[in-house]
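Student: I would like to learn how to read strands, helices and burial from a set of coordinates. Could we work through one case together?

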Amino acid sequence: MILPKPVKHESRPGRFVLDERTAIAADPALSGVAAWLRGELAPVTGGELPPGEPGPGTITLRFGDLPHEAYRLTTGDDGAQIVAGGPAGAFYGAQTLRQLLPPAVFRRAGGGPHAAQGAYIEDGPRFGWRGCVLDVARHFMTKHDLLRFIDLMALHKLNVLHLHLTDDQGWRIEIRRYPRLTEVGAWRKESQSGWGGPMDGRPHGGYYTQDDIREIVTYAARRQITVVPEIDLPGHTQAAIAAHPELGNLDTPPEVGTTWGIGTNVLNVEPATITFFQNVLDEVLELFPSPYVCVGGDECRKDQWRASPAAQRRLAELGLRDEEELQSWFIHQFDAYLAARGRRLVGWDEILEGGLAPGAVVASWRSEFGAVAAARSGHDVINCSNTSLYLDYRQGPGEAEPAPFGPVLTLEDVYAFEPVPAELRDDPAAARVLGAQCGVWRELIDSSRGVDYMAFPRLAAFAETVWSTRERDLDGFRARLAAHLPRLDAIGVEYRRAEGPLPWQTRPGVPGRPEDPQGWRSKLDAWTANLR
């Protein structure tokens, strides 16, 4: 069974056998996909999968008159043929071919032969934006583990990695013009245990060099994944302010953040600060070819601006009514900067407050009202609803869950998610929904093993919501997942079992985050009332 579910899947007579004699025949423009597939399959065949001619015993990749992410796959005695609209479609067809073969092909070594039953598959995605936010700022993820996560995304036909690189607790990208951002900002003296718990007394840190970033971006691109960088501003910037106190609003500079929650330290609104971050983005744009760049814009507390004479003077000079409009003005500076360089700004739905920057894309995370408001205002939307897609939320009740964080969000809850909000179903504005992305936020996920547990198998459920049709069939999904889990086992993914965490996956005594931290639901009600 294939996951995510393809549009059409029929059984056909015969079978395709993968062994040491198998070859790959590919159109020249699909040579990159052929090279990737050769690298995945050769270790489990004992052969090299050399270039060959179409026919029995050969995997053939060729172009056809299809959308660029769509493909047709046929397997049988005559070999395996993938017809695709572009390299992305050929790649997804190759991923489906791997799933037709036994789970052993997902191991890094072994012997064949491996057989796939005859099949005919027509497939293509429902949405063009099928993403995952990965937070490497709260807890750093090594390059090795990040590349592995990219492979797991690609297996599930996701195509956007939204990389959350900066926050109060860490700055994770080398900026050569400002080396203190990583010399100081990439390191904190300790971290909070759980949510509101004691300090662990262990230093934490790390960052990606620019060469690392180039490698990550290229590696992802070869797997048809676009990496969208996030440089969060004007809030979530304490690590940057610790490295460069002139960016803040206080006489006494803060240290890099060590606790979780919404911090009070935000950027000042001086021209020099805007120039500083535009200089940062100059280097970011050189590293990330993505047409989209996220600047955050979320959870920016205005206390320091209200208390700052300089911020109040700036507000008056600009003729703005309040601090909400001041943040909107701040975001507009970066929208214009990015637009002038052919890029589009992405921001969390707080950028709706005080006026939306023209051309901005809204990542709507606080339920779905922001998605509806932005789409009806003519703005593109990515549905990131926390109530359905935040994979840092606990997967079951009780204290056994290793990250007792937020409300319970089960596998079934994620599978029930629909990217187009109900309020837009019959509205032409629904066309503004680019797709959706799940979130792996990592305040309480401090290891890659923890990422495995929290992300899987819920990420597989999410993948179906953005790739497959609108119809939901929970029993069918469970059957597909049952066939899929042995593939994850072969890869070594330490996912959550249906019966709950294994003994070593529990973290008894770790303080949890309350179901409604900081009165989030009441704040959302007030925010949506203001938008109306």
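Tutor: We will take the barrel, the open sheet, and then some helices in turn. Keep in mind that this is a predicted model.

Student: How many strands close into the barrel, and in what order?

Tutor: To read a barrel, follow the strand pairings until they return to the start. Here 8 strands close up in the order E7-E8-E13-E14-E15-E16-E17-E18, with parallel pairing. From one strand to the next, the twist averages 30°.

Student: What joins E7 to E8?

Tutor: Look for bridges between the two strands. E7 and E8 run parallel and are joined by 5 bridges. Within this pair, Cys-132 stands opposite Leu-161 in E8.

Student: How much of E8 is buried?

Tutor: Burial is judged from relative accessible area, with buried meaning under 20%. In E8, 5 of the 5 residues are buried, so the strand is largely enclosed by the rest of the structure. Both of its faces are covered: one side carries Val-160, His-162 and His-164, and the other carries Leu-161 and Leu-163.

Student: Which strands pair with E15?

Tutor: Take one neighbour at a time. Strand E14 (residues 292-296) pairs with E15 in the parallel sense over 3 bridges, and Tyr-292 has Arg-344 of E15 as its bridge partner. E15 also pairs with E16 in the parallel sense, over 3 bridges; there Gly-347 stands opposite Val-362 in E16. Strand E15 (residues 344-348) is mostly covered, with 4 of its 5 residues buried.

Student: In what sense do E16 and E17 pair?

Tutor: Strand E16 (residues 361-364) and strand E17 (residues 381-383) pair in the parallel sense over 3 bridges. The bridge partner of Ala-363 in E17 is Ile-382.

Student: What is the strand order in the open sheet?

Tutor: An open sheet is read from edge to edge. This one has 6 strands in the order E1-E6-E4-E5-E3-E2, and the pairing is mixed. Its edge strands are strand E1 (8-18) and strand E2 (23-26), each pairing on one side only. The twist averages 20° from one strand to the next. One pair to inspect is strand E3 (residues 58-63) with strand E5 (residues 79-84), parallel over 5 bridges; Arg-62 has Val-83 in E5 as its bridge partner.

Student: Which helix lies across E4, and at what angle does it run?

Tutor: For a helix against a sheet, list the strands in contact and then the angle to one of them. Helix H2 (residues 87-100) lies across E1, E3, strand E4 (71-76), E5 and strand E6 (114-123), and runs at about 35° to E4.

Student: Which strands does H3 lie across?

Tutor: Helix H3 (residues 143-155) lies across strand E7 (129-135), strand E8 (160-164) and strand E18 (433-440), running at about 150° to E8. H3 has 13 residues and spans 19 Å from its first C-alpha to its last, close to the 18 Å expected at 1.5 Å a residue. After H3 comes Lys-157, whose phi is positive, near 65°.

Student: Which residues of H3 are buried?

Tutor: An α-helix has 3.6 residues a turn, so residues three or four places apart point the same way. In H3 the buried residues include Leu-146, Phe-149, Ile-150 and Met-153.

Student: What covers the buried residues of H14?

Tutor: Count the buried residues, then look for what touches them. In helix H14 (residues 448-455), 6 of the 8 residues are buried, so the helix is largely enclosed by the rest of the structure. The cover includes H3, E18 and helix H15 (458-467). Among the buried residues of H14 are Val-451, Tyr-453 and Met-454.

Student: At what angle do H9 and H10 pack?

Tutor: Helix H9 (residues 309-317) and helix H10 (residues 323-339) pack at about 80°, with their axes 10 Å apart. This angle makes H9 roughly perpendicular to H10. H9 contributes Ala-311, Gln-312, Arg-314 and Leu-315 to the contact, and H10 contributes Glu-323, Leu-326 and Trp-329. By class, that contact has 4 nonpolar, 1 polar and 2 charged residues.

Student: Is Glu-325 buried or exposed?

Tutor: Glu-325 lies in helix H10. Its relative accessibility is 15%, so Glu-325 counts as buried. Not counting residues up to four places away in sequence, Glu-325 touches Leu-320 and Gly-354.

Definitions and conventions: Residues are numbered from 1 along each chain as its sequence is written. This is a predicted model: local features need pLDDT of at least 70, side-chain atom pairs count only at pLDDT 80 or more; totals for chains, interfaces and linings use all residues. Side-chain values use heavy atoms; hydrogens and water are left out. Two strands pair if DSSP finds at least two bridges between them. Axes are lines fitted to C-alpha atoms, for helices over the stretch in contact, and angles run from 0 to 180 degrees between N-to-C directions. Contact means heavy atoms within 4.5 Å. The expected span of a helix is 1.5 Å times one less than its number of residues. Buried means under 20% relative accessible area, exposed over 50%, partly exposed in between (1.4 Å probe, protein chains only). Angles under 35 degrees count as roughly parallel, over 145 as roughly antiparallel, 65 to 115 as roughly perpendicular and the rest as oblique. Ala, Val, Leu, Ile, Met, Phe, Trp, Tyr, Cys and Pro count as nonpolar, Asp, Glu, Lys and Arg as charged, and the others, Gly among them, as polar.
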